[in-house]
Amino acid sequence: MMNGFMMWMSGSELNIFSIMITGMTIMGPLKAIADVNKTMKTDAPELAGELQRAKALYVLMNVVGLLVALYKCYSMGLLPTSTSDWVDSTPQVPLEFASGSFYP
């Protein structure tokens, strides 16, 4: 909720503040998903089923936050989504052909 508000307040223009907010919003869910077992640690084996559902919901909500951050990257133009973004990796076709022979 806080990250969503901060991303809304930073706007869709490309500046250092909006890039830092978006980077924080991307890294937060990734770290939370990586540490889900440490976050949801319990010693009660009778709560195993309930804990699995809570973990699934926790991961799902973090994935939603990650998707919102990726949409923000898309709206700022940071994701390579058009063909002009991949021009450097396309093979170049020569427009002319020159032979190496010389006629005296």
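Hi everyone. A quick definition before we start: a helix here is a DSSP run of type H or I with at least four residues, and helices are numbered from the N terminus. Please also keep in mind that this is a predicted model.

Let's begin in helix α1, where we find both Phe-5 and Trp-8. They sit 3 residues apart, which is about one turn of the helix. Their rings form an aromatic pair, with 5.9 Å from centre to centre and 40° between the planes, and that makes the pair tilted. Is Trp-8 buried or exposed? It is exposed, because its relative accessible area is 63% and the cut-off for exposed is over 50%.

How many aromatic pairs does a search of the whole structure find? The answer is 2. You have just met one, so on to Tyr-71 and Tyr-74, which also form a tilted pair, at 6.3 Å centre to centre and 40° between the planes. These two tyrosines belong to helix α4, and because they are 3 residues apart there, about one helical turn separates them. Tyr-71 has 56% relative accessibility, so it counts as exposed. Tyr-74, at 48%, counts as partly exposed, because that class lies between 20% and 50%.

Let's stay in helix α4 for a moment, since Lys-55 is placed there too. Is this lysine buried or exposed? Lys-55 is buried, because its relative accessible area is 15% and buried means under 20%. Leaving out residues up to four places away in sequence, Lys-55 touches Val-36, Asn-37 and Met-40.

Now for the pockets. The largest pocket has a volume of about 220 Å³. Which helices each supply at least two residues of its lining? They are α1, covering 2–10, α2, covering 16–34, and α4, covering 48–76. Of these, α4 gives the most, with 5 residues.

If you would like to find the lining on your screen, look for Met-1, Asn-3, Gly-4 and Met-7, then Thr-25 and Pro-29, and finally Met-61, Asn-62, Val-64, Gly-65 and Val-68. How does this lining divide into nonpolar, polar and charged residues? There are 6 nonpolar and 5 polar residues, and no charged ones.

So, to recap, α4 is a good helix to keep in view: it holds the pair of Tyr-71 and Tyr-74, it is home to the buried Lys-55, and it gives the most residues to the lining of the largest pocket. Thanks for listening!

Conventions. Residues numbered from 1 in each chain as written. Predicted model: local features only at pLDDT ≥ 70, side-chain atom pairs only at ≥ 80, totals over all residues. Heavy atoms only, no water. 1 Å grid on protein atoms, 1.4 Å probe; cavity = no way out; pocket = protein on both sides within 12 Å on 5 of 7 lines; lining within 4 Å. Points joined across faces, edges and corners; volume = space filled by probe spheres on them. Nonpolar A, V, L, I, M, F, W, Y, C, P; charged D, E, K, R; others polar. Phe/Tyr/Trp six-rings, centres within 6.5 Å; stacked < 30°, edge-to-face > 60°. Buried < 20%, exposed > 50% of the residue type's maximum accessible area, 1.4 Å probe, protein only. Contact = heavy atoms within 4.5 Å.
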